[in-house]
Amino acid sequence: MDASVLSLRDLTVSFKTPNGTVQAVRGVDIDVAAGEMVGVVGESGSGKSVTFLGILGLLPNSARISGSATVEGVELVGATNKVMRGVRGKKIAMIFQDPLSSLNPVYRVGDQVAEMIRAHQEVSKSEATARAVELLDIVGIPQPKVRSRQYPHEFSGGMRQRVMIAMAIANDPEVLIADEPTTALDVTVQAQILEVIQRIQRDMKKAIVMITHDLGVIARVADRVQVMYAGRVVERAAVNDLFATPTHPYTVGLLNSLPRVGQERLLPIPGRPPNMLQPPAGCAFRARCPHSAPVCAEKLPELQPYAHSMTACVRIKEIDLAETSGVTA
Amino acid sequence: MTDATAPGTSREVDTEVFVDDLEALNVKTMTPLQMAWRRYWRHKAAALSTVIMGILLLVVIFAPFTARYGINEQVLKISEGNNVYLSPRKLAWMGTDDIGRDIFSRLIWGIRTSLFIGVVSAILSVVIGTAAGAVAGLYGGVFDDLMMRVTDIFLAFPFFVAVVVARASLGNISWITNIIGEISSIKFIIFLFAIFGWMGVARLVRGQVLALKEREFIEAARAVGASNKRIIVSHLLPNSIGPILVALTLSVIGAIVAESTLAFFGLGPQPGSDSTSLGKLVELSREGAKQGNWWLVVFPCGALVLLAVCINFIGDGLRDAVDAKLDTVK
Amino acid sequence: MLRFIVRRMLWLPLTIVLVTFIVYCAVRTGWHPEETYKRANPRATRAKVEEYLAVNGLYEGFTGFVKGYFEWLWRFVRGPDHWPRSIKGRALVYPPLRYSIFNTLRLAGIASILGWGIGLTIGTLAARKPGSWFDSIANTTAFFLGAIPPFVSGVALQLIFAVELGWFPVAGVYPPGHQGFDLGLMAKHLILPVTVVTIQVVSAYSRFMRASLLEVRSSDFVRTARAKGLSERAVLLKHGVRNAMIPIVTVLAIDIGGLLGGLIITEAIFNYPGMGVYFLKAITNGDIPQLMPYLVIIIISVLIFNLIADVSYAYLDPRIRLD
């Protein structure tokens with residue numbers, strides 16, 4: 001972890017809303033090293049997307065961010081607009097969830113990729129356009145020259161996401177953040193897009209953050225996993241350890257709610273995530289946790305080593321997760 | 001909540017957590033109507049306008065008590081002294097007009113009539129527009145084409161030109177005036193505003209219906225065999241009630257301003273000797289301005305602007321209220 | 001796209017004929033030709049009245065209307081020299097109409113260019129920082145000014161700046177008896193009416209632009225543009241304003257037609273010799289030969305601008321395919 005290109009320290013994000021302050025992210029530490037793919041998994045509202053949109057300053061003005069986030073030593077929290085502009089698209093590039101709404105409908109696809117190039121490189125318009133066609137080719141778009149002259153609505157969902165990826169790698173960034181890149185796509189197309197992202201990681205040695213609610217995606221592509229719940233990382237583990245021996249009751253719940261062959265019914269996690277306007281004191285998961293005890297309400301649990309993983313469960317040594325997990329990986 | 005399958009969980013802790021959890025969730029348990037209500041009152045200008053309009057409505061509804069003088073009553077008999085063109089004073093708070101009547105009292109009576117014209121013609125045009133838009137949007141095909149052509153034709157005229165020409169024309173056709181009243185009657189002007197005021201609502205509702213038609217719950221209603229009429233009444237209308245309400249509010253003030261504008265050019269309704277309207281009073285301001293009797297201009301025009309600003313703000317507040325997006329994290 | 005335009009262009013004459021027929025019938029029922037002629041020429045003999053009705057094809061009854069309409073239409077399309085003449089002194093209708101059109105175009109042109117320029121700029125600046133003091137002031141001011149009916153603001157400006165302060169002339173386009181062209185004098189007469197119309201346009205378009213731009217700014221592709229590392233200025237102009245203009249250009253085109261009608265009030269207050277005053281004079285006199293060409297021009301311009309609105313919408317938004 002010493003060679004991390006992107007590191008977040010005690011990052012918090014909150015939003016001012018008419019109903020009060022929403023504490024979306026409450027102290028998150030994450031490190032990402034070059035060439036590795038870190039999965040960030042959690043339910044919607046767990047703060048996983050907000051964390052990464054926040055460090056790039058892409059959240060609405062009502063967002064307040066504190067803590068530290070550095071990319072290659074450059075501090076992003078509180079950075080000037082100029083510094084931030086130099087980071088966005090150049091050091092950190094993003095791939096968004098819905099490629100249709102994330103592309104501007106009124107510009108040609110090639111021009112939108114070229115715009116990304118010209119935002120950070122001193123090249124002529126025609127050079128940028130030529131480079132855009134190459135990039136479209138790299139991400140596997142057939143007839144890239146013709147396609148670059150078309151508009152986003154003329155592309156299929158998978159092809160649009162390839163365009164987003166082409167745009168993201170245009171300036172050879174250090175870090176790629178993929179925010180639910182496959183959620184809006186068909187299952188078969190999902191696999192293709194994941195392949196493209198994996199190929200980029202392999203060939204270009206990028207650090208990739210894969211934000212998803214889909215454990216299937218994590219199992220397939222991630223090296224390490226951060227499980228987020230209610231704005232906190234509750235478990236951190238290598239992907240194999242996470243599936244073999246989960247060390248947080250929430251992770252167990254997530255794994256149990258996955259459909260598996262031979263299993264008759266799914267075991268959803270009971271209850272709902274807490275309201276982040278007034279997050280409960282202590283462990284945020286305790287209201288839904290089958291193992292909760294008075295000690296859970298005492299203080300915010302920190303990540304602590306257990307087995308091969310890090311877990312934020314204070315009772316981990318006392319409880320037997322295997323009993324409720326039913327996971328045999 | 002979890003049941004007792006979990007080992008090591010005491011009942012006591014469970015309840016405490018449960019209450020805690022519920023408290024944290026209480027914001028989300030509001031009904032959509034309650035949330036709209038909250039959003040409406042958060043719009044400060046709309047809230048203030050609502051209060052002002054509320055007071056004004058009370059004053060106007062109870063005009064027989066709130067007006068100091070009768071509608072045609074002179075503030076004092078001519079034998080007791082001059083009563084014509086008196087500037088504002090204790091006897092007449094807003095001065096008197098050319099035949100010695102109290103402007104303040106006449107304003108109350110006038111706003112009463114004008115609000116009546118505004119509200120009735122707005123309701124009529126919204127009803128016509130909603131019906132036309134819903135039918136066109138839901139049935140599509142020939143209905144839709146026909147409706148769109150007709151609205152195009154109606155929209156081909158600037159409102160003022162259309163109303164002036166239609167007023168003269170329809171006012172000369174005796175079977176029409178037999179039904180809706182003489183050209184100078186209040187009924188006639190309401191009818192006129194209704195037939196030239198429905199197109200906007202029709203287009204709005206048609207658009208809403210077309211958008212809603214694509215939504216799943218309409219598909220579901222169709223799948224279980226609901227009739228078109230049922231779908232319109234029980235699904236489409238409740239879902240587009242918000243924008244319709246906004247349009248209704250704005251067409252109330254549209255009609256009030258239109259009546260005053262027509263009256264300003266001497267084309268307004270003549271409510272008769274026992275009634276008046278804001279337009280009639282505004283009409284007087286033209287003469288008043290020339291003679292330097294400022295109170296004849298300031299008070300009627302001021303009342304009109306006050307109404308316009310308040311009702312517009314209320315419409316704006318309603319727009320906020322029906323926009324659920326405003327409650328999401330932004 | 002071309003097919004759409006051609007098809008609409010082919011429909012246009014038919015729509016114009018249909019609408020002008022409706023208008024012809026409305027005008028014929030609204031103003032009885034015999035009465036109005038007698039009112040305009042009190043000493044006209046019976047023969048003169050008969051001649052006026054016959055020459056202008058002002059027959060009675062529904063078939064009379066249809067026959068009269070087509071006679072009128074034929075004379076109308078043959079050109080201004082053939083148009084029916086005014087009931088007053090059989091004067092040509094075209095020269096005064098042309099004069100009024102130019103006056104109105106001057107007033108409307110200056111006011112709309114000023115209004116759109118100022119309004120769209122204010123709307124853009126306001127949407128840049130929603131909730132800022134600039135936004136609040138601009139939005140509230142626009143709201144208040146937009147709520148004031150034009151005849152109220154017109155009379156108010158006239159009373160204050162023309163009657164009381166005497167800075168500007170009260171009415172007209174030149175002082176009575178003035179001959180020839182004088183730019184400075186004309187500008188002085190134009191300032192107040194232009195202000196009244198500009199206020200309306202600014203308040204409408206600043207709020208419209210603000211709403212449209214705020215809508216666009218919350219969309220995902222603006223986030224993408226910012227994630228690219230573009231400057232805020234580039235994001236605002238290339239991705240915000242460009243997309244926000246799509247609905248506005250459409251409304252703009254439709255509005256031009258409406259503007260011609262909306263100017264009537266302002267023109268009347270300042271007695272500005274434009275189309276509005278022409279129209280009011282024609283309806284007061286019941287001068288059908290004067291009224292018809294005015295209405296036809298309004299209708300044609302509204303229909304053509306509606307077509308322009310549709311085409312520009314498709315041009316600006318590649319997702320729309322017209323056919």
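Q: Which residue stands opposite A:Val74 in S5(A)?

A: In this predicted model, local features need pLDDT of at least 70 and side-chain atom pairs count only at pLDDT 80 or more, whereas totals for chains, interfaces and linings use all residues. Residues are numbered from 1 along each chain as its sequence is written, with chains lettered from A and ligands numbered from 1 in the order in which they are written. The residue opposite A:Val74 is A:Val71. Strand S4 (residues 63-71) of chain A pairs with S5(A) in the antiparallel sense over 2 bridges (pairing requires at least two DSSP bridges; strands are DSSP E runs of at least two residues, numbered from the N terminus).

Q: What is the strand order of the open sheet in chain A?

A: The 4 strands run S2-S1-S4-S5, with antiparallel pairing. Strand S2 (20-33) and strand S5 (74-75) of chain A are the edge strands, each pairing on one side only.

Q: How are H5(B) and H6(B) oriented?

A: Two packed helices are described by the angle and the distance between their axes. The axes of helix H5 (residues 103-139) and helix H6 (residues 141-155) of chain B come within 7 Å and cross at roughly 140°. H5(B) is therefore oblique to H6(B) (oblique angles are those left after under 35 degrees, roughly parallel, over 145, roughly antiparallel, and 65 to 115, roughly perpendicular; helices are DSSP H or I runs of at least four residues).

Q: Which residues of H5(B) meet H6(B)?

A: B:Ala132, B:Val135, B:Ala136 and B:Tyr139 in H5(B) meet B:Gly141, B:Phe143, B:Asp144 and B:Met147 in H6(B) (contact means C-beta atoms, placed from the backbone, within 7 Å).

How values were computed. Axes are lines fitted to C-alpha atoms, for helices over the stretch in contact, and angles run from 0 to 180 degrees between N-to-C directions. Two residues are in contact if their C-beta atoms, placed from the backbone, lie within 7 Å.
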